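Colleague: I've got the model open and would like to go through it with you. Can we start with the strands?

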Amino acid sequence: IDGEPQPTLVEKWVSPPADRRPWLEVRFATPVDLEHVVLVWSAAEESPGLIVRNYHIRCRRQGVFVAELTIRDNRDAVRAHALRCVAADGLRLDFTPGPPGPDVIRLFEVQAWGRLAR
C-alpha cells in the first residue's frame, strides 16, 4: 500500500497478540477495477515460520462484498491472488492466527493491482 520497495523490518502491519480474529481493511480513494492482490508476509525477510497459512480476501463495492477468496494452507512468503472486482472501493483481509501458522500476523505489504474504474 505504501509502495516502499525495501521496507525495514519494523515497517509492517502487526496484529495485537490477543486478537484471535485480526483483520485489515483498505479503502481506495476512488473506485478501481481490481485484477489481483499481492501479499508480502514478513516471512519474506524473517523466519519462514511467520508465513500466514489461512486467510480470506474480499473486495467491496458501496459497502457490499462482491468478490472473495479463501486461502488454506498457504506456504508462500509472497503470494499473488487473482481477484477480479469491478468498481471496487475497498479490500478486506481476515486472518486466522495460530497453528499451523504464527500467533501474530505480520504483513509487510498489500499490493492491490488494477485500473481506475471507468
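Colleague: How many bridges join β1 to strand β6, and in which sense do they run?

Modeller: First, a caveat: this is a predicted model, where local features need pLDDT of at least 70, side-chain atom pairs count only at pLDDT 80 or more, and totals for chains, interfaces and linings use all residues. Residues are numbered from 1 along each chain as its sequence is written, and side-chain values use heavy atoms, with hydrogens and water left out. Strands here are DSSP runs (E, at least two residues; helices are H or I, at least four), numbered from the N terminus, and two of them pair if DSSP finds at least two bridges between them. Strand β6 covers residues 106–116, and it runs antiparallel to β1, the two being joined by two bridges.

Colleague: Which residue of β6 does Trp 13 stand opposite?

Modeller: β1 takes in residues 13–14 and is an edge strand, pairing on one side only. Opposite Trp 13, in β6, stands Leu 107.

Colleague: In what order do the six strands form the open sheet?

Modeller: The protein has zero helices and six strands. The edges of the sheet are β1 and β4 (64–71). With antiparallel pairing, the order is β1-β6-β2-β5-β3-β4.

Colleague: Over how many bridges do β2 and β5 pair?

Modeller: β5 also pairs with β3 (residues 55–61), antiparallel, through six bridges, with Ile 57 partnered by Leu 93. On the β2 side, Val 40 has Val 78 as its bridge partner in β5. Strand β2 (residues 23–41) and strand β5 (residues 78–95) are antiparallel too, and their bridges number 12.

Colleague: Why call the protein as compact as a globular protein of that length?

Modeller: From the N terminus on, the elements run β-β-β-β-β-β. The globule rule (2.2 Å times the number of residues to the power 0.38, with the radius of gyration taken over C-alpha atoms) is the yardstick. For 118 residues that rule gives 13 Å, so the protein is as compact as a globular protein of that length, with a close radius of gyration of 14 Å.

Colleague: Which element gives the largest share of the lining of the largest pocket?

Modeller: A pocket is an open set of points on a 1 Å grid over the protein atoms alone, where a 1.4 Å probe fits, with protein on both sides within 12 Å along at least five of seven lines; lining residues have an atom within 4 Å of a point. The lining includes Val 40, Phe 108, Glu 109 and Gln 111. Three lining residues, the largest share, come from β6.

Colleague: Is Gln 62 buried or exposed?

Modeller: Gln 62 lies in the loop between β3 and β4, and its phi is near 50 degrees, positive in a residue other than glycine. Buried means under 20% relative accessible area, exposed over 50%, and partly exposed in between (1.4 Å probe, protein chains only). At 72% relative accessibility, Gln 62 is therefore exposed.

Colleague: And what is the relative accessible area of Asp 73?

Modeller: Asp 73 also has a positive phi, about 60 degrees, although it is not a glycine. Its place is the loop between β4 and β5. Asp 73 counts as partly exposed, at 38%.

Colleague: Which residue does a cis peptide bond join to Pro 99?

Modeller: Omega of that bond is about 10 degrees. The partner lies in the loop between β5 and β6, and the residue is Pro 100.
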